[in-house]
Amino acid sequence: GAAEDLKATGEDSMDQSKRPQKYELLGGRNREGKHTGLLGYADGMGKTLLTLLLATMVGHGFQMLGFTEANIITVYILGVLIVSIITTNQLCSLLASVGSVLIFNFFFTAPRFTFHFQDNSYPVTFCIMFIASILTGTLASRLKENARLSAEAAYRTQILLDTNRLLQKEQDAQSVISATAEQVVKLLKRDIVMYLAQEEQLAEPGLYRAAEAEALRMETKPE
């Protein structure tokens, strides 16, 4: 019954609390399915390195076609923008900004394949390139965060509207309680336990699982 489910849930929580700390440091996936912890850093670094590699390949192609250095710099700034969009850690954007300047200096300035330069104007170019990359990455991260917050606010609003509609349709107290609990599960995406007060005492707990609510939502989702 509900008491047994509650006991099982408590045991699961105890098992999770006893997990070695190294597994928590490694991380897993959050509600949005994205990596967290060290896995998240590794995933972000991999995407950052791949983006810089692709930007360098495109830069070499531009150089072979006789394009100016300004075009190659634009490619790296675009790469930083892409990193800011596809990663969740702002550290990746910062590393992409620094890396883009160093890679441009190493591959595309004379003498090539060194971090030295002969033209005295290059320090100004590097500073402008770095500042532009930082600003681009920061703005992209803010826009992505604002979009995420707007989506969450819209989701909460939809849950409230659905809750109001469902409660108006229910006829008895138990149906109202069940509908409310299911909506709370949708909102929090967590298992919840509800206790009813009966004659100044708590009744048997009611357990509502997030996995069951998600399965029901997928079954009723129109194709």
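**Order of elements.** I read the elements of the protein from the N terminus in this predicted model. They run α-α-α-α-α-α-α-β-β-β-β-α. I recorded a total of 8 helices and 4 strands.

**Burial and surface.** I then looked up how much of the protein is buried. Of its 223 residues, 25% count as buried. For the surface, I noted that the protein exposes about 15200 Å², and that carbon and sulfur atoms supply 62% of this area.

**Contacts along the chain.** I next considered contacts between residues with a separation of 6 or more. Residues 24 or more positions apart account for 52% of them.

**The largest nonpolar core.** Which residues have the most contacts inside the largest nonpolar core? I found Ile72, Ile73, Tyr76, Phe104, Phe108, Phe126 and Met129 in that role, in a core of 14 residues. I then traced the core to its elements: helix H3 (37-64), helix H4 (69-86), helix H5 (90-108) and helix H6 (122-169) each give two or more residues to it. The largest share comes from H4, with 5 residues.

**Methionine 129.** I examined one residue of this core, Met129, in further detail. Leaving aside residues up to four places away in sequence, I listed what Met129 touches: Ile73, Tyr76, Ser100, Val101 and Phe104. Of these partners, Ile73, Tyr76 and Phe104 also appear among the core residues with the most contacts.

**A further core.** Apart from the largest core, I located another one, of 6 residues. Ile177, Ile192, Tyr208 and Ala210 are among its members.

Notes:
Residues are numbered from 1 along each chain as its sequence is written. This is a predicted model: local features need pLDDT of at least 70, side-chain atom pairs count only at pLDDT 80 or more; totals for chains, interfaces and linings use all residues. Side-chain values use heavy atoms; hydrogens and water are left out. A nonpolar core is a set of buried Ala, Val, Leu, Ile, Met, Phe, Trp, Tyr and Cys residues joined through side-chain atoms within 4.5 Å. Buried means under 20% relative accessible area, exposed over 50%, partly exposed in between (1.4 Å probe, protein chains only). Contact means heavy atoms within 4.5 Å. Accessible areas come from the Shrake-Rupley method with a 1.4 Å probe; for residues, only the protein chains shown count as cover.
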